[in-house]
Amino acid sequence: GTTLEFRERGTFDPVTTITGGGPFNLKPGQWTDDTSMAMCLAQMLRSANGWDPEDAMKRFVNWRRHGYLSSTGVCFDIGTQTAEALDQFEKTRTPYCGPTDEAKSGNGGIMRLAPVVLAYGSQVDSAMAVAQMQSRLTHASPTCMKAAASMARFMVTGDTGFLPRPDGPPDVASGYVVHTLHAAFWALTQGDNFRDVLLAAVNLGGDADTVGAVAGQLAGRLYGYAGIPAEWRRVLYDHDKILTAADDLYVLRPIDV
């Protein structure tokens, strides 16, 4: 998705595979802040005895300051709202730093969600609760809370009954959490396989890396690991680390929050 990040729809040729480039000139298979933050959550959940918000925030800060779990060794991209929340945490050491103002309803709480569902997905209520708690770290508006819970519910149950069926593409694929979620759910209606869903999502442009990250989580729920094209898996940076973390979280699922 980063190949088309910040690009206006209609100003680029659609991508057809993992390409790299984009505003950060990444190599094919290198990922952005969405996956770095997801991996921070995954490593926290693997090491913690249950949900540990302070540990999660410390890992986010380590990523921002020192490139921990970055695909390039540095934090080259971070959302404004996330940066402000991490600044607040470093001042107060209180982990739940997301603003509750509806005007600050960015998509940071859904772009990194998959590790929570892997860890808590044996019970839909637990998965939804922890999905909201991890969002509150940086994005705590009521709309962000609803989006995180709704996405977690889908990822646990696979229930497609509430998916939108719009006549055309979303007008905007922006960083507003509602736009991102709608764009990702729309992409699910544009194909019956992982590849087509992901290409539909990222070719909307705009906040393409995060729309792609959210659509990838949703499509992963429907089509599984085997549904990801083999050539995409081969080029993915730190593929084995990601797969090991996912396997560990699934095996070590806690019973409740």
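**Aromatic rings and their partners**

In this predicted model, R136 is placed over the face of Y96, 4.0 Å from the centre of the ring. A similar description applies to a second arginine: R233 lies over the face of Y225, with 4.7 Å to the ring centre.

Rings also meet other rings. A search of the whole structure finds four aromatic pairs, and two of them are described here. A pair of aromatic rings is described by the distance of the centres and the angle of the planes.

One of the pairs joins F24 and F76. Their ring centres are 5.1 Å apart and their planes meet at 55°, so the pair counts as tilted; over 60 degrees would be needed for edge-to-face. F24 belongs to the segment before α1 (33–47), while F76 sits in the loop between α2 (53–66) and α3 (80–92), so this contact ties together parts that are 52 residues apart in sequence. As for solvent, F24 has a relative accessibility of 23% and is therefore partly exposed. F76, at 24%, is likewise classed as partly exposed.

Another pair is made by F194 and W232, and here the arrangement is edge-to-face, with 6.3 Å from centre to centre and 70° between the planes. This pair, too, links distant parts of the chain: F194 is in helix α9 (residues 194–202) and W232 in helix α11 (residues 230–235), 38 residues apart. Are these two residues buried or exposed? Both F194 and W232 turn out to be buried.

How values were computed. Residues are numbered from 1 along each chain as its sequence is written. This is a predicted model: local features need pLDDT of at least 70, side-chain atom pairs count only at pLDDT 80 or more; totals for chains, interfaces and linings use all residues. Side-chain values use heavy atoms; hydrogens and water are left out. Rings of Phe, Tyr and Trp (its six-membered ring) pair if their centres lie within 6.5 Å; planes under 30 degrees apart count as stacked, over 60 as edge-to-face and the rest as tilted. Helices (H or I, at least four residues) and strands (E, at least two) are DSSP runs, numbered from the N terminus. Buried means under 20% relative accessible area, exposed over 50%, partly exposed in between (1.4 Å probe, protein chains only). A charge sits over a ring if NZ of Lys or CZ of Arg is within 6 Å of the ring centre and within 35 degrees of the ring normal.
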